[in-house]
Protein chains: 2
Amino acid sequence: MVERYSNTFISAPARELVLEEGFRFTHGQTLTPFTIVYETYGELNASKSNAILVCHALSASAHAAGRYTHDENDRTGWWDGLIGYGKAIDLEKYFVVCVNLPGSPFGTTAPQSIDPSTGKHYGSRYPWPTIEDMVRSQKIVLDHLGITRLRSIAGGSLGGMQVLMWCAMYPEAMESIIAMASGSAVPVTGIAWHIIGRKIIETDQRFHGGDYYDHGEQLRGLEVARMIGHMTYLSAHALQTKFGRRRRGDTRQFEIDSYFEYQGKKFAGLYDANSYIRVQAAMDEMDLEEQYGSLQAAFSKWRGKSLLVSFDTDWLFPVSASESVAGAMRSLGTDVHHERVSSTNGHDTFLIDFDKITPCVRAFLEGLNVPQS
Amino acid sequence: MVERYSNTFISAPARELVLEEGFRFTHGQTLTPFTIVYETYGELNASKSNAILVCHALSASAHAAGRYTHDENDRTGWWDGLIGYGKAIDLEKYFVVCVNLPGSPFGTTAPQSIDPSTGKHYGSRYPWPTIEDMVRSQKIVLDHLGITRLRSIAGGSLGGMQVLMWCAMYPEAMESIIAMASGSAVPVTGIAWHIIGRKIIETDQRFHGGDYYDHGEQLRGLEVARMIGHMTYLSAHALQTKFGRRRRGDTRQFEIDSYFEYQGKKFAGLYDANSYIRVQAAMDEMDLEEQYGSLQAAFSKWRGKSLLVSFDTDWLFPVSASESVAGAMRSLGTDVHHERVSSTNGHDTFLIDFDKITPCVRAFLEGLNVPQS
């Protein structure tokens, strides 16, 4: 990451929208009340026409950009390299909104939240959210802010899936979309690794079907499940050059083992197992082709401009996943640009290589500013 | 597999060699007494000069060829496609020996065996065997049979690693070697998956550090660990064509999930978790370069002929692993043929595509029959 992508700004704390009437999930359950956490950056103009919604991925939160002063962890937002003053999503021009999705453990009512009707954590009784639930929670926040039409909606991975779901559910709510490292359904390789990760978590008897919060200890199953993630993110080349068969210091422990333990414990300290399996299951269940009959049917009312960005080393959503979406959208006569980016960082390129994704995002958004005849 | 590889013969039950003095493991422990199980096929000639040792891989046993009549499971041996009357390792000519390795749960004294001094399963007290232990157990059986010089030693994967270890430990004990899908050390990708599999098993609290035999139930951790194996054996193409996003019947369960459950339960019913982690650790610890200073040093006394067979889709031991071994052996002036086989079956090609491995093995062994001047 070069210097210009690491400049940041001070962001305000996340805000809460409390739905006293509750939030009704796709599968029928309603949690009452329901809190949705979101953040905003930049200034909403008088006509409320300069808003961009960004959608976060599995392990991220509403904290998409900037740096807190009130938080001792002091981390910059997950898309800080792309969102900021003078950056591709330029806060001199745009008002950016990011909503913590239902199921995620970072503020929005989650499995680890206390159910006021019982005084206990929701745990296993928390619904299994869908991508549609995530999109509807974002729509609720935008309605609350009085934003009826967005300049754009952008996201990567699970975030990109939400973007595509917006095209199907609310095709008139935005002028354009930016979907990176994404597709209309998770291919079988991703499903298989998600399923194995879930089975690992459930193998930990302390998981107790999801009702483990009173035990206090970090779940080993989540630590180990996360190691699978690291194997699928790391290329064979990266494994060889970063670790090889090297041992840790004077011990017989392989360095890769030590790396796994560090990453697994760190992740399990920040994330929650019930959230992990629910958010991954939501990804796996989305399939626009199955849900709408065809991709053409899913995108039949979408008329805006689309930027699809894919990465040649992405194992989860290969380039062909964006090609399918682009093909369906083009067959309906809409304006689609598919940017194929070469990278060694695989699926996570959208979170790492800001120098590679900035030019196409900047050009795409600037193209929108040209008044349309 | 074509018809000629599926013809088989009736093999005798496995035999037991009981070492009353016990077996001393590399790391210092001695188990007394110690039983080694082995099988033989074909006839040993009068000069005891027609013997071939075959070395088995992780989940296999001493039952390398033929079909039992006494066993209701009635499975043919794991290398039956290669070993038989008229096959590449031709029982008309050769006497074949296969030894169940120390640590494996198929007859040789194993973690699940009863320790006569306590009346309980060895469990966590069973030593962590090395590849050297496996080779020495084979040497003991050959000494018992009065075989001082082998025509050849052959094996794939872990079996191939044993073959290479023979070249380092007993270079004068054989005329030739055949090592498939193998190398002088497991690359980091394999180590990483082995480590994750082990951590999954240990995540199952019923594992109890290895002392779980009294609980009776199959270990869920072993079932799930095995699923990782299937992911690494299956190519992305095979996953897509065999399963894709298909659901099972009228349910929402993905077919890949059902496949994992079937394979995991089947494997955990046959194999043992303590064996699984020990045999994989033995593979990971072998590193001829580290142990001898260099591959040249490891093979410095080896003068026989070598056939190395690698598979272009092998993720565990890539073609380059055989190239390194071939390079070191050639630099010492020995006769090496490296056969590169193209296959879609990855690492397991040596257990599946007998039509692809038969020609080079047959030609190699026939070449040995020419009297050497």
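Through which surface do the copies, chain A and chain B, meet? This tour of a predicted model begins with that question and then turns to the domains of chain A.

**The two chains.** Select chain A and chain B together. Of the interface residues of chain B, 100% are also interface residues in chain A, so the copies meet through the same surface. The contact draws 30 residues from chain B and 30 residues from chain A.

**The side of chain B that touches chain A.** Next, select helix 4 (188–203), helix 5 (220–233), helix 6 (236–242) and helix 7 (255–270) of chain B; each supplies at least two residues of the side that touches chain A. Helix 4 of chain B provides the largest share of this side, nine residues. Colouring this side of chain B by residue class shows 18 nonpolar, six polar and six charged residues.

**The axis.** A turn of 180° with a shift of 0.0 Å along the axis lays chain B on chain A with an RMSD of 0.0 Å. This is the relation of a two-fold axis. To locate the axis from chain B, select B:Asp204: its C-alpha is the one in chain B nearest the axis, at 2.7 Å.

**Inside chain A.** Now display chain A alone and colour domain 1 (3–184 + 287–369) and domain 2 (190–281) separately. The C-alpha centres of domain 1 and domain 2 of chain A are 25 Å apart. Where these domains touch, domain 1 of chain A contributes 22 residues and domain 2 of chain A contributes 16 residues. On the domain 1 side of this contact in chain A, the residues comprise 10 nonpolar, 11 polar and one charged.

Notes:
Residues are numbered from 1 along each chain as its sequence is written. Chains are lettered from A and ligands numbered from 1 in the order in which they are written. This is a predicted model: local features need pLDDT of at least 70, side-chain atom pairs count only at pLDDT 80 or more; totals for chains, interfaces and linings use all residues. Two residues are in contact if their C-beta atoms, placed from the backbone, lie within 7 Å. Helices (H or I, at least four residues) and strands (E, at least two) are DSSP runs, numbered from the N terminus. Ala, Val, Leu, Ile, Met, Phe, Trp, Tyr, Cys and Pro count as nonpolar, Asp, Glu, Lys and Arg as charged, and the others, Gly among them, as polar. Domain bounds come from an automatic or database domain assignment. Copies are superposed by least squares on the C-alpha atoms of residues with pLDDT of at least 70 in both.
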